[in-house]
Each structure stands twice: as C-alpha cells, then as structure tokens.
Amino acid sequence: MLCGQYAHTLVLPESDSYRKWELRWLNKPDTIPRYMRAAKWDLGDAKKRIEATIHWRRDFKPDLIPPEEVCL
C-alpha cells in the first residue's frame, strides 16, 4: 500500500468534527512527499512518521488554535 493510501486509512470518521482539518492537512500536495523524503524513501518509516503526526495533531489540534494564543 502506498504511503498516501495508507494515510487515508487513518483518517477520522465522518462523524468527527476534526476530520475536515485532518483531511485538509493530509491532502496538501507536499505532505506525503515531505514525509517520504524525511524517511529517506523508506515506506515503513514514512508510514510510522505520518501516523505519529496524525496522533499528535489529534491531541493538540493545531488548526484550531486562535492566532492570538500563539506566542511569538
């Protein structure tokens, strides 16, 4: 299974309100290639990295942080 296809199997169910944000991040044209490059084209490693990032994003929901709450 290719990396992008695998990543889409991890997406939240349609009933979850954060799903649209997850898909928005995942569907960016540079997301999968960036992870593949970081993993030096090792598919297994890239999958682990994407899965870890998805879990992190679900825990912290960075897309929902208001700009005024971000410290510079």
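How do α3 and α4 lie relative to each other? They are oblique to each other, a word used here for angles outside three ranges: under 35 degrees (roughly parallel), over 145 (roughly antiparallel) and 65 to 115 (roughly perpendicular).

Before you click on, a word on the model. It is predicted, so local features need pLDDT of at least 70 and side-chain atom pairs count only at pLDDT 80 or more, while totals for chains, interfaces and linings use all residues. Residues are numbered from 1 along each chain as its sequence is written, and side-chain values use heavy atoms, with hydrogens and water left out.

**Start with the whole protein.** Show the cartoon: you have 4 helices and 0 strands, running α-α-α-α from the N terminus. Helices here are DSSP runs of H or I with at least four residues, strands are E runs of at least two, and numbering goes from the N terminus. The C-alpha atoms fill a box of roughly 40 × 35 × 20 Å along the principal axes. Of the 72 residues, 28% are buried (under 20% relative accessible area with a 1.4 Å probe, protein chains only; exposed is over 50%, partly exposed in between). Among contacts (heavy atoms within 4.5 Å) between residues at least 6 apart in sequence, 52% join residues at least 24 apart.

**Now select 31-38 and 43-60.** These are α3 and α4, packed at about 125 degrees with their axes 8 Å apart. The axes are lines fitted to C-alpha atoms, for helices over the stretch in contact, and angles run from 0 to 180 degrees between N-to-C directions. The crossing of α3 and α4 is right-handed, meaning that the near helix is turned clockwise from the far one by less than a right angle (anticlockwise would be left-handed). Turn on side chains: Ile 32, Tyr 35, Met 36 and Ala 38 from α3 meet Leu 43, Ala 46, Arg 49, Ile 50 and Thr 53 from α4. By class, that contact has 7 nonpolar, 1 polar and 1 charged residues. Nonpolar covers Ala, Val, Leu, Ile, Met, Phe, Trp, Tyr, Cys and Pro; charged covers Asp, Glu, Lys and Arg; the others, Gly among them, are polar.

**Zoom in on Thr 53.** Thr 53 sits in α4 and is buried, at 18% relative accessible area. Its side chain makes a polar contact with the side chain of Tyr 35 at 2.8 Å. A polar contact is a pair of N or O atoms within 3.5 Å; within protein, one must be able to donate a hydrogen and the other to accept it, and residues adjacent in sequence count only if both atoms are side-chain atoms. Leaving aside neighbours within four places in sequence, Thr 53 is in contact with Trp 25 and Tyr 35.

**Next, add 19-26.** That is α2, home of Glu 22. α2 and α4 pack at about 140 degrees, axes 11 Å apart, which makes α2 oblique to α4. Their crossing is right-handed. Trp 21, Glu 22 and Trp 25 in α2 meet Thr 53, Ile 54, Arg 57 and Arg 58 in α4, and the residues of this contact divide into 3 nonpolar, 1 polar and 3 charged.

**Pick Glu 22.** Glu 22 is buried, with a relative accessible area of 2%. Beyond four places in sequence, Glu 22 touches Leu 10, Val 11, Leu 12, Ile 54 and Arg 58.

**Finish at Arg 57.** Arg 57 belongs to α4 and is buried at 11%. Not counting residues up to four places away, Arg 57 touches Tyr 18, Trp 21, Trp 25, Pro 62 and Asp 63. Measure out to Trp 25 in your viewer: the two C-alpha atoms, 32 residues apart along the chain, are separated by 9.7 Å.
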